[in-house]
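Reader: Please take me through one part of this model in detail, and then place that part in the rest of the chain. Plain wording will do.

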Amino acid sequence: MTTATPRYDGLRLKKFDDAVFDDIDTLRSAIDDRIEQLLSANGQSDSLAKAMRTSALSAGKRMRPLLVMLVARDLGCASPALIDVACSVELVHAASLILDDLPCMDDASLRRGKPAIHIQFGEDVAILASVALLSRAFGVLSQSQDIQPVTRARLVATLAQTVGDQGLVRGQFEDLHGGARSPEAIATTNELKTGLLLGVAVDMAAIMCHADESVSQQLRAFALAAGQAFQIKDDFLDGVGNDSAITGKDTGKDIGKATLINTLGFDEAQRRLSACLIEADRCLGAAIGGKGRTRHFMGALFAKEAKGARFIAEPAKPRELRPSPQLAELRLN
């Protein structure tokens with residue numbers, strides 16, 4: 001038996017008015033409220049249900065669902081169904097983190113400052129919770145109201161491609177079994193592990209907004225460059241000298257692994273991080289213009305790396321859809 005996903009009537013995002021979208025904390029709270037509602041629909045309170053809720057509702061930036069909603073708003077979309085689309089992406093992200101932390105994967109004990117799900121509930125429950133979160137994500141998408149059937153089918157297909165053997169699963173496999181790799185191969189793994197989930201967030205926003213292909217291409221290029229930047233930043237945070245109490249994760253896990261820092265050195269990795277940020281902002285500006293809420297949000301996420309400036313100092317201008325030098329070098333095109 002299937003249960004239709006109820007329409008979200010809690011905050012309702014005040015019909016997506018500016019006040020809500022200018023307040024990221026309010027928007028993040030709305031996302032958390034909706035996830036809590038989605039995961040409490042069946043009334044279960046056993047360890048499986050608790051593991052699912054603990055993973056999906058643990059403290060986090062909510063970067064991916066926020067990107068869905070902010071990009072859509074910048075593109076002029078105000079559908080009340082956007083919050084369910086955003087939450088489906090976050091449920092997939094939560095599922096991927098559970099698997100990523102397992103002893104047979106990265107063998108991590110901390111996630112967002114708390115014991116990893118397999119530490120709290122056991123490996124068996126962790127694996128089942130991950131599968132259940134993936135199932136719930138697709139259920140939310142397939143049953144969401146206020147989305148035309150053709151659009152809903154595109155959203156489901158896009159999310160499925162992101163999770164599958166050419167997406168997150170492939171990225172995790174390459175990370176575990178890739179061995180010694182070239183910088184290009186490492187960049188490709190980074191795309192699969194991080195960039196694609198950012199990519200699906202902006203892709204789904206574009207699908208909801210019926211954006212034209214040129215805008216969608218620029219958004220994908222933004223997501224891939226941003227994904228590289230986040231992965232390199234995460235590699236820096238993994239350094240042995242960093243404090244788990246600050247990062248919320250185990251540190252030193254990348255010792256001996258093929259990362260851009262280990263392969264190219266600190267300075268070159270830092271240069272590539274800066275190049276990725278510039279390219280991400282250029283593509284984002286080309287897609288949504290110079291004053292979008294998404295650019296402001298991304299600038300805040302990378303305030304330290306961008307030295308406190310907006311994503312970049314000057315508003316990006318639309319450009320022809322051709323590979324940039326940065327993307328060519330990083331194999332992001």
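Author: What follows starts at one helix and its surroundings and then widens to the core, the cysteines, two loops and the whole chain.

This is a predicted model, in which local features need pLDDT of at least 70, side-chain atom pairs count only at pLDDT 80 or more, and totals for chains, interfaces and linings use all residues. Residues are numbered from 1 along each chain as its sequence is written, and side-chain values use heavy atoms, with hydrogens and water left out.

The part in question is helix α7, residues 123-143, where V131 is found. Helices here are DSSP runs of H or I with at least four residues, strands are runs of E with at least two, and both are numbered from the N terminus. S130 lies in α7 as well. S130 is buried, at a relative accessible area of 1%; buried means under 20%, exposed over 50%, and partly exposed in between, with a 1.4 Å probe and protein chains only. Setting aside residues up to four places away in sequence, S130 touches A95, I98 and L99, contact being heavy atoms within 4.5 Å.

L99 also joins I127 and V131 in a nonpolar surface patch with about 230 Å² of accessible area together. Patch members have over 30% relative accessible area and no salt bridge, and nonpolar side chains (Val, Leu, Ile, Met, Phe, Trp, Tyr) are joined within 5 Å, like charges within 9 Å. A salt bridge is a side-chain nitrogen of Lys or Arg within 4 Å of a carboxyl oxygen of Asp or Glu. Areas come from the Shrake-Rupley method with a 1.4 Å probe, and for residues only the protein chains shown count as cover.

Away from the surface, the largest nonpolar core has 83 residues, and L133 and F297 are among those with the most contacts inside it. Helix α10, residues 183-209, gives the most to this core, with 12 residues. Such a core is a set of buried Ala, Val, Leu, Ile, Met, Phe, Trp, Tyr and Cys residues joined through side-chain atoms within 4.5 Å.

As for cysteines, C87 is buried at 0% relative accessibility, whereas C104 is exposed at 56%.

Two loop residues other than glycine have a positive phi near 55°: D107 and H210. D107 lies between α5 (82-101) and β1 (110-111) and is partly exposed at 44%. H210 lies between α10 and α11 (213-237) and is exposed at 60%.

Overall, the protein chain has 16 helices and two strands, and 50% of its 333 residues count as buried.
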